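Dear colleague,

I am handing over the structure we spoke about, and below it you will find my notes on what turned up in it. Please read them with the structure open beside you.

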Amino acid sequence: MSTRDPVVRRFSDLDALSRAAADELAGLARAAVAERGACSIALSGGSTPRRLFQLLAARGRDALPWERIDLWWGDERTVPPEHADSNYRMAREALIEPLSLAATRVHRIAGELADPAAAAAAYERALVDALGAPPVLDVVLLGMGPDGHTASLFPGSPGLDETRRWVIANPVTSPLVHGTTTRITLTAPAINAARCVRFLVAGADKAAALAQVLAGPRDPTRYPSQLVAPDSGDLRWFVDDAAAATLAPPGTPA
Ligand code: 6PG
């Protein structure tokens, strides 16, 4: 299954989407722990997952087998962990600290390192040491930008063509990052090695790109989210009505 015949679940708004995503994540984590004794989840960054993290925290430690869950990240900005733009910081405040999750189970990307390539290499080593090569994450959570980027795989960026590495330092030029920066990100091969991938996409500003990604011509250089096609085939999109506004209504023949 690829982005060509996607499973798209629609919700009225971000709150409803986040509650369903919390249920989904709980189910996936329990199944992974039952089957393999542990669960590895790569968290997405940006603003969309914050509500999901808050809901998971509000449900308390018993809602998921947290003592058996390892948290990783799909990408990180090249900033220190206490910086306002840090994806780690957002998850720390909304999920990790409220649930007092064990630091030994939290594997953040060292965005503060002066050399982003060294940070990418260190994170790749940690992933491969823990999950093998390719590193098989149980769940990869992804967001999508208004330009169709996902993780930090931005349109036209060199990282889109990566076929060997699992983590790279990707130079990004985009108004979304206010010019040019370097992001540390899982590559498409790493994302596609995951047992399952879940996109969380909300807001009217995502509608045009979402329609292109899901129903437009294949053009991953312009819409990198089209690169996401897990080998397992387990890919689902959780979208709100605003983001799905220009998608064909559910049940419309392809
Ligand atoms: C990041 C993310 C990125 C994000 C999208 C959507 O570090 O920014 O990982 O891929 O998911 O940009 O961001 P919002 O959720 O803020 O719209």
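Are Trp73 and Tyr88 buried or exposed? Both Trp73 and Tyr88 are buried, and I begin with them after one caution, namely that this is a predicted model.

Aromatic pairs

There are four aromatic pairs in the structure. In one of them, the ring centres of Trp73 and Tyr88 are 5.7 Å apart and the planes stand at 65 degrees, so this pair is edge-to-face. Trp73 belongs to strand β3 (residues 69–73) and Tyr88 to helix α3 (residues 87–96), so the pair ties together parts that are 15 residues apart in sequence. The ring of Tyr88 has a further neighbour in Arg108, which lies over its face at 5.5 Å from the ring centre.

Another of the aromatic pairs joins Phe199 and Trp237, and here the rings are stacked, with 3.7 Å from centre to centre and 5 degrees between the planes. Because Phe199 lies in strand β8 (residues 196–201) and Trp237 in strand β9 (residues 235–240), the pair ties together parts that are 38 residues apart in sequence. Phe199 and Trp237 are both buried.

The largest pocket

The volume of the largest pocket comes to about 630 Å³. Its lining is made up of 31 residues, of which Gly46, Ser47, Arg77, His149 and Arg183 are the closest to the centre of the pocket. The elements that contribute two or more residues to this lining are β4 (75–77) and β7 (179–186). By residue class, the lining of the largest pocket divides into twelve nonpolar, 13 polar and six charged residues.

Cysteines

How many disulfides does the structure hold? The number is zero, and Cys39 and Cys196 are worth looking at in this respect. The cysteine sulfur closest to that of Cys39 is in Cys196, at 7.9 Å, which is too far for a bond, given that a disulfide calls for two cysteine sulfur atoms within 2.5 Å. The relation also holds from the other side, since the cysteine sulfur closest to that of Cys196 is the one in Cys39. Cys39 is buried, with a relative accessible area of 1%, and Cys196 is likewise buried, with a relative accessible area of 4%.

Backbone geometry

Most residues other than glycine have a negative phi, and most peptide bonds are trans. With that in mind, you may wish to look at the places listed next.

The peptide bond that runs from Ala133 to Pro134 is cis, with omega near -5 degrees, and Pro134 is placed in the loop between α4 and β5 (139–142).

Ala151, a residue other than glycine, has a positive phi, near 45 degrees. Ala151 sits in the loop between β5 and β6 (167–174), where it is buried, with a relative accessible area of 13%.

His178, which is also not a glycine, has a positive phi as well, near 60 degrees. His178 is part of the loop between β6 and β7, and with a relative accessible area of 75% it is exposed.

Residues far apart along the chain

Finally, here are some C-alpha separations, taken together with the setting of one residue in each case.

Arg125 is in helix α4 (residues 116–131) and is exposed, with a relative accessible area of 52%. Its C-alpha atom is separated by 9.1 Å from that of Val167, although Arg125 and Val167 are 42 residues apart along the chain.

Val140, in strand β5, counts as buried at 0% relative accessibility. Between the C-alpha atoms of Val140 and Ala22 the separation is 14 Å, and these residues are 118 residues apart along the chain.

Ala245 is located in the segment after β9 and is exposed, with a relative accessible area of 56%. The C-alpha atoms of Ala245 and Leu210 are separated by 9.4 Å, with their positions 35 residues apart along the chain.

With best wishes

Key
Residues numbered from 1 in each chain as written. Predicted model: local features only at pLDDT ≥ 70, side-chain atom pairs only at ≥ 80, totals over all residues. Heavy atoms only, no water. Phe/Tyr/Trp six-rings, centres within 6.5 Å; stacked < 30°, edge-to-face > 60°. Helix = DSSP H or I, 4+ residues; strand = E, 2+ residues; numbered from the N terminus. Buried < 20%, exposed > 50% of the residue type's maximum accessible area, 1.4 Å probe, protein only. Lys NZ or Arg CZ within 6 Å of the ring centre and 35° of its normal. 1 Å grid on protein atoms, 1.4 Å probe; cavity = no way out; pocket = protein on both sides within 12 Å on 5 of 7 lines; lining within 4 Å. Points joined across faces, edges and corners; volume = space filled by probe spheres on them. Nonpolar A, V, L, I, M, F, W, Y, C, P; charged D, E, K, R; others polar.
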